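Please look over the structure below before reading on. The briefing that follows takes up its pockets, its sheets and one buried residue in turn.

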Amino acid sequence: MTNDKDLQSARRTIDKEIEALRMMEDELNGNLTQALDLMQSTKGRVIVTGMGKSGHVGSKIAATLASTGTPAFFVHPGEASHGDLGMVTTNDIVLAISNSGETRELSDIITYSKRYGIPLIAITKNPESSLGKNGDILLKLPDDGEACPLGLAPTSSTTATMVLGDILAICLLERKGFSKTDFKQRHPGGKLGAFLQKVSDLMHKGNELPLVYDTALMQEALLMMTSKMLGCVGIIDKDRRLLGIITDGDLRRNLSADLFSKKAIDIMTKSPKVTSPNTLVAEAVKEMNEKKITQLFVIDNNQPVGIIHLHDCLKAGVA
């Protein structure tokens, strides 16, 4: 049963947080470009720091930066005061987050940055705060209150901070021309890693390829098809170019007493669907699903160099 008061509260929260994001959008200025220039040119890492909820958001920002091509990690300001400042080098830059700008736990890392000339990017709603004044570059958060009706729980402010972190990561990603291949190298495990694999990572190749020449009879083609157990056989010419394919479906459609004496080239499906080694496995799966087929020959320089089967994609967790 739907509670109308709950829905009204939910919509007020959404509206309030959208309002904060719109305010931040209107206040974006050249400081963003300066911050991006600094982050892109640094020879070290982006050290993200923040206390409480700002710290939780900061951890996510550091992780997003690192996974999209900008070396970064999170340093807890409390731990920084007890030895972790040694993790920060003069080649790094510091990205410090505090909604109020007066978080006392940040004082040591701010002082350390100033002492050693480490650039400091400040994220706060208050330019006149300690953090705002000490930052070399200020990225201002919207000062529009919280979605929390008590005005206490960090809600709109943490959402705005999270989005600002995403802005930095995406802008840097686009500046660097960060690709899907780059992304995969940083996400080798899990479902995401599986979806970012290339066809060349999963395809059968070499002696596993079911291929016969265009002069072969169906008896030879069927023996090849059976021995490789991929549900098909490819027909190639003398230059090893793929002319066609024979699948289980082609066999059923052409069943007759004289099938074995026919030439494979007369039974094959011409101009079969193919893919390339650099195609993402997820894209190959989409192609197979759309065409209602279970395998694709992989072509490079007009020659078959592999074959990928839907079952391989299932085992890899893609399909």
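The second largest pocket of this predicted model is lined by Met-51, Gly-52, Lys-53, Ser-54, Asn-99, Glu-146, Gly-151, Leu-152, Pro-154, Ser-157, Thr-158 and Thr-161. The space inside this second largest pocket comes to about 160 Å³. The points below begin with this pocket and then move on to other parts of the model.

**The second largest pocket**

- Two helices, H3 (53–67) and H7 (156–176), each contribute at least two residues to the lining of the second largest pocket.
- The largest share of that lining belongs to H7, which supplies three residues.
- When the residues lining the second largest pocket are sorted by character, three are nonpolar, seven are polar and two are charged.

**The largest pocket**

- The largest pocket holds about 280 Å³ of space, and of the 13 residues that line it, those closest to its centre are Ile-245, Thr-247, Asp-250, Ile-293 and Gln-295.
- Strand S8 (242–247) and helix H12 (248–253) are the elements that give two or more residues to the lining of the largest pocket.
- Helix H12 provides the largest share of this lining, namely four residues.
- By character, the lining of the largest pocket consists of three nonpolar, five polar and five charged residues.

**The five-stranded sheet**

- Five strands form an open sheet in the order S2-S1-S3-S4-S5, and their pairing is parallel.
- Strand S2 (72–74) and strand S5 (137–140) stand at the edges of this sheet, and because each has a single partner strand, one side of each is left without a neighbour in the sheet.
- On average, neighbouring strands of this five-stranded sheet are turned by 20 degrees against each other, if direction is ignored.
- Strand S3 (residues 93–97) pairs with S4 in the parallel sense over four bridges, and within this pairing Val-94 stands opposite Leu-120 of S4.
- Strand S4 also pairs with S5, again in the parallel sense and over four bridges, and here Ile-121 is found opposite Ile-137 of S5.
- Why can strand S4 (residues 120–124) be called largely enclosed by the rest of the structure? Five of its five residues are buried, and therefore the strand is largely enclosed.
- Both faces of S4 are covered, since the buried residues are Leu-120, Ala-122 and Thr-124 on one side, and Ile-121 and Ile-123 on the other.

**The three-stranded sheet and its helix**

- A further open sheet has three strands in the order S10-S11-S12, with mixed pairing.
- Its edge strands are S10 (274–275) and S12 (303–309), each of which pairs on one side only.
- Helix H14 (residues 281–291) packs on this sheet and touches S11 and S12, and the direction of the helix makes about 130 degrees with that of S11.
- Strand S11 (residues 295–300) pairs with S12 in the antiparallel sense over six bridges.
- Two of the residue pairs can be named: the bridge partner of Gln-295 in S12 is His-309, while the bridge partner of Phe-297 in S12 is Ile-307.
- Gln-295 thus belongs to two topics of this briefing, as a bridge partner of His-309 and as one of the residues closest to the centre of the largest pocket.
- The hairpin of S11 and S12 has two residues between the strands, and in this hairpin Asn-301 takes a positive phi near 55 degrees.
- Strand S12 is mostly covered, with five of its seven residues buried.

**A buried residue of helix H14**

- Is Val-281, a residue of helix H14, buried or exposed? Its relative accessibility is 0%, and because buried means under 20%, Val-281 counts as buried.
- Leaving aside residues up to four places away in sequence, Val-281 touches Gln-197, Lys-198, Val-199, Leu-202, Ile-308, Cys-313 and Val-318.
- Val-281 and Lys-198 lie 83 residues apart along the chain, yet their C-alpha atoms are separated by 5.2 Å.

Notes: Residues numbered from 1 in each chain as written. Predicted model: local features only at pLDDT ≥ 70, side-chain atom pairs only at ≥ 80, totals over all residues. Heavy atoms only, no water. Pairing = 2+ DSSP bridges. Contact = heavy atoms within 4.5 Å. Axes fitted to C-alpha atoms, helices over the stretch in contact; angles between N-to-C directions. 1 Å grid on protein atoms, 1.4 Å probe; cavity = no way out; pocket = protein on both sides within 12 Å on 5 of 7 lines; lining within 4 Å. Points joined across faces, edges and corners; volume = space filled by probe spheres on them. Nonpolar A, V, L, I, M, F, W, Y, C, P; charged D, E, K, R; others polar. Buried < 20%, exposed > 50% of the residue type's maximum accessible area, 1.4 Å probe, protein only.
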